[in-house]
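Here's a quick walk through this protein, written for someone who'd rather look at the model than wade through tables. Have the structure open as you read.

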Amino acid sequence: MRDVDHEAPVYLHQLPVPGEERYLSLALVNTRFALSHGTVDLLDDTEAAHLWLVRHGLLPDRVTLNGRQHGRLLGLREALRALFEAYGTQGQPAAEDLATLNAALAAAPSTPRLAWTADGPHRADAPDTANPAAAALSLLAEDATDLLTGGEAEQLTECAARGCARWFLRSHAARRWCTTKCGNRVRAARAYEARKAR
């Protein structure tokens with residue numbers, strides 16, 4: 001495995017947007033974003049996708065990812081983006097996007113289990129791990145389902161900075177940008193336009 005700390009491009013060290021620490025499906029959707037030099041895709045090949053899944057604790061490092069599994073991960077990412085957009089516009093998502101998410105859920109269904117910790121008994125659903133890549137996609141799909149149907153769904157929004165295309169959870173209703181960097185970029189562009197107009 002490559003030494004990530006020394007070889008990772010600078011954009012890999014961007015701060016996560018609000019909500020990514022709680023919802024891996026949000027982090028997945030945000031693996032494709034724009035910078036001044038063009039679009040960046042953190043899942044652009046099987047090795048990069050494998051690294052992302054391992055970094056997020058969704059796939060053991062020893063498990064390889066093949067081209068078909070990589071394609072399914074990309075398909076799930078695009079379906080989730082479309083579902084987030086449908087939620088954001090209060091529209092109806094395309095049937096194929098729902099089907100993609102539901103297929104990922106069904107590929108490695110979770111089995112309910114009773115766990116007992118120092119705090120007492122609680123439910124702990126364990127995904128089918130016979131196919132680790134399918135289990136990773138299933139966990140991502142389940143995570144997105146929890147986000148879209150849970151109490152935080154109303155906070156889900158797309159960054160208002162032109163070209164950003166990242167999604168985040170708003171901490172307050174007035175927040176429009178995923179990071180202060182995007183907010184500063186928008187303010188700088190407005191100031192430039194105002195100076196130009198004068």
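A charge sits over a ring if NZ of Lys or CZ of Arg is within 6 Å of the ring centre and within 35 degrees of the ring normal. Keep that in mind for R166, which lies over the face of F33, at 5.8 Å from the ring centre. One caution before going on: what you're looking at is a predicted model.

**The overall picture**

The protein has seven helices and eight strands. It runs to 198 residues, and 36% of them count as buried. Take the contacts between residues at least 6 apart in sequence: 52% of these join residues at least 24 apart. As for ring-to-ring pairing, the count comes to one aromatic pair.

**Helix 6 and its partners**

Helix 6 covers residues 132-149, and it's a good place to start poking around. Helix 4 (residues 67-88) packs with helix 6 at an angle of about 5°, their axes 10 Å apart. Angles under 35 degrees count as roughly parallel, so helix 4 and helix 6 are roughly parallel to each other. On the helix 4 side, the contact is made by Q69, R72, L73, L76, L80, L83, F84 and Y87. Helix 6 answers with A133, L137, L140, A141, A144, L147 and L148.

How do helix 5 and helix 6 cross? Their axes come within 7 Å and cross at roughly 125°, which makes helix 5 oblique to helix 6. The crossing of the two, helix 5 and helix 6, is left-handed. Here L101, A104, L105 and A107 of helix 5 meet a set of helix 6 residues, namely A134, L137, S138, A141, E142, A144 and T145.

**Zooming in on L105**

L105 belongs to helix 5, which spans residues 95-107. Setting aside neighbours within four places in sequence, L105 is in contact with S138, A141, E142 and T145. Is L105 buried, exposed or partly exposed? Its relative accessible area is 24%, so L105 is partly exposed. The C-alpha atoms of L105 and P127 are separated by 9.8 Å, with their positions 22 residues apart along the chain.

**Three loop residues**

A few loop positions are worth a click as well. This table lists where they sit on the accessibility scale.

| Residue | Relative accessible area | Class |
|---|---|---|
| Q90 | 78% | exposed |
| A165 | 26% | partly exposed |
| L42 | 18% | buried |

Why is L42 classed as buried? Buried means under 20% relative accessible area, and L42 has 18%, so L42 makes the cut. You'll find L42 in the loop between strand 2 (38-41) and helix 3 (46-55). L42 and R32 are 10 residues apart along the chain, and their C-alpha atoms are separated by 6.3 Å.

The other two loop residues deserve a look at their backbone. Most residues other than glycine have a negative phi. Q90, in the loop between helix 4 and helix 5, has a positive phi near 55°. A165 isn't a glycine either, yet its phi is positive at about 65°. A165 is found in the loop between strand 7 (156-158) and strand 8 (167-169).

Note on methods
Residues numbered from 1 in each chain as written. Predicted model: local features only at pLDDT ≥ 70, side-chain atom pairs only at ≥ 80, totals over all residues. Heavy atoms only, no water. Phe/Tyr/Trp six-rings, centres within 6.5 Å; stacked < 30°, edge-to-face > 60°. Helix = DSSP H or I, 4+ residues; strand = E, 2+ residues; numbered from the N terminus. Buried < 20%, exposed > 50% of the residue type's maximum accessible area, 1.4 Å probe, protein only. Contact = heavy atoms within 4.5 Å. Axes fitted to C-alpha atoms, helices over the stretch in contact; angles between N-to-C directions. Parallel < 35°, antiparallel > 145°, perpendicular 65-115°, else oblique. Left-handed = near helix turned anticlockwise from the far one by under 90°.
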